[in-house]
Amino acid sequence: MNRTDRLYALVEDLRAIAPRCRSARELAARFEVSVRTIERDITALQESGVPIYAEPGRKGGYAIDKQMSLPPLNFSPAEAVAIAVALSRAGDQPFGRQARSALRKVVAAMPGREGELARELARRVMLVTEPPEPGGPTRPLGAEGVSRAIEEALLRRRVLRLDYADAKGALTSRDVEPGVFLGGRGGFWYLVAWCRLRDDVRVFRLDRIVNAAVSAERCPDRPLEGFATEVPEMIVRGTVLDQ
């Protein structure tokens, strides 16, 4: 990357995470140059009028004025996470880096509350890193509306009421507290949730959920790590939005 491209990329990177900051060391690693080179680049940008300022302290770094960001976009938190899930399947395909950069800009330009909701939802969507089998079957997502109900319950932190059929077809009704939306293993999607019927964490396969309804009851706070014990080690722990 030549210096002109790097200066432009520096501004875009800082704008994507504004008002948060990045240290010179993080930027140097990101652009594969020395810390001194980053410091010279930042000085050149400041002298040209770009509103970059330094945040002092151990967790400080360089930040750009939020007004340099794009105006708020009408992306919902679920739409932002959907883009991240799609990009996660792209791996290192051509234009993958540019696509991830575009996603960071989308999230950064969302209104503050919406952006935070998107980040929280992304933490609860996990993807198996195993590549799908060539020509493998496409697995059903379950009854109509089930996936949307789970998305809404995760986003609003609401209790879900499920009618669930086990492997033998026996049907039970349960109230569950959604924890993680897990996708990819064997082509299936799963909900990892606290089941009030079993008084423990359980994993529900989407195609076995006959019905799902979002209740008005807010879920109690349970650490996300408590659900991860039911999740295989081979997954990505959280969908990346803007890192």
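This report describes cores, helix packing and selected residues in a predicted model.

**The nonpolar cores**

The largest nonpolar core of the model has 23 residues. Within this core, the residues with the most contacts are Ile150, Leu160, Leu191, Phe204 and Ile209. Both helices and strands give two or more residues to it: the helices are helix 4 (77-88), helix 6 (112-123) and helix 7 (146-156), and the strands are strand 4 (158-165), strand 5 (171-183), strand 6 (189-195) and strand 8 (209-218). Of these elements, helix 7 gives the most, with 5 residues. A second core, separate from the largest one, has 17 residues, including Ala28, Leu45, Val50 and Tyr62.

**Helix 1 and the loop after it**

Helix 1 covers residues 3-17 and has 15 residues. At 1.5 Å a residue, helix 1 should span 21 Å, and its end C-alpha atoms are 21 Å apart, so the two values agree. The buried residues of this helix include Leu7, Leu10, Val11 and Leu14, and also Arg6, Glu12 and Asp13. In the loop between helix 1 and helix 2 lies Pro19. The peptide bond that leads from Ala18 to Pro19 is cis, with omega near 10°.

**The packing of helix 2 and helix 3**

Helix 2 (residues 24-31) packs with helix 3 (residues 35-47) at an angle of about 105°, and their axes are 8 Å apart. Angles of 65 to 115 degrees count as roughly perpendicular, which means that helix 2 is roughly perpendicular to helix 3. Helix 2 makes this contact through Ala24, Arg25, Leu27, Ala28 and Phe31, while helix 3 contributes Val35, Ile38 and Glu39. Sorted by class, the contact has 6 nonpolar, no polar and 2 charged residues. Ala28 of helix 2 takes part in this contact and is also included in the second core.

**Two contrasting residues**

Which residues does Asp41 touch, not counting residues up to four places away in sequence? Asp41, which lies in helix 3, touches Arg3, Arg6, Leu7 and Leu10. Among these partners, Arg6, Leu7 and Leu10 are buried residues of helix 1. Asp41 itself has a relative accessibility of 1%, so it counts as buried.

Leu171 lies in strand 5. Is Leu171 buried or exposed? Its relative accessible area is 53%, and because exposed means over 50%, Leu171 is exposed. Not counting residues up to four places away in sequence, Leu171 touches Asp163, Tyr164, Ala165 and Val210. Leu171 and Arg208 are 37 residues apart along the chain, and their C-alpha atoms are separated by 9.3 Å.

**Positive phi in two loop residues**

Glu32 and Arg157 each have a positive phi although neither is a glycine. The table gives their places and values.

| Residue | Phi | Place | Relative accessibility |
|---|---|---|---|
| Glu32 | near 55° | loop between helix 2 and helix 3 | 73%, exposed |
| Arg157 | about 55° | loop between helix 7 and strand 4 | 12%, buried |

Glu32 thus lies in the loop between the two helices whose packing was described above. Arg157 is found in the loop after helix 7 and before strand 4, and both of these elements give two or more residues to the largest core. Since buried means under 20% relative accessible area, Arg157 counts as buried at 12%, whereas Glu32 counts as exposed at 73%.

Conventions
Residues numbered from 1 in each chain as written. Predicted model: local features only at pLDDT ≥ 70, side-chain atom pairs only at ≥ 80, totals over all residues. Heavy atoms only, no water. Core = buried A, V, L, I, M, F, W, Y, C linked by side-chain atoms within 4.5 Å. Buried < 20%, exposed > 50% of the residue type's maximum accessible area, 1.4 Å probe, protein only. Helix = DSSP H or I, 4+ residues; strand = E, 2+ residues; numbered from the N terminus. Expected span 1.5 Å × (residues − 1). Axes fitted to C-alpha atoms, helices over the stretch in contact; angles between N-to-C directions. Parallel < 35°, antiparallel > 145°, perpendicular 65-115°, else oblique. Contact = heavy atoms within 4.5 Å. Nonpolar A, V, L, I, M, F, W, Y, C, P; charged D, E, K, R; others polar.
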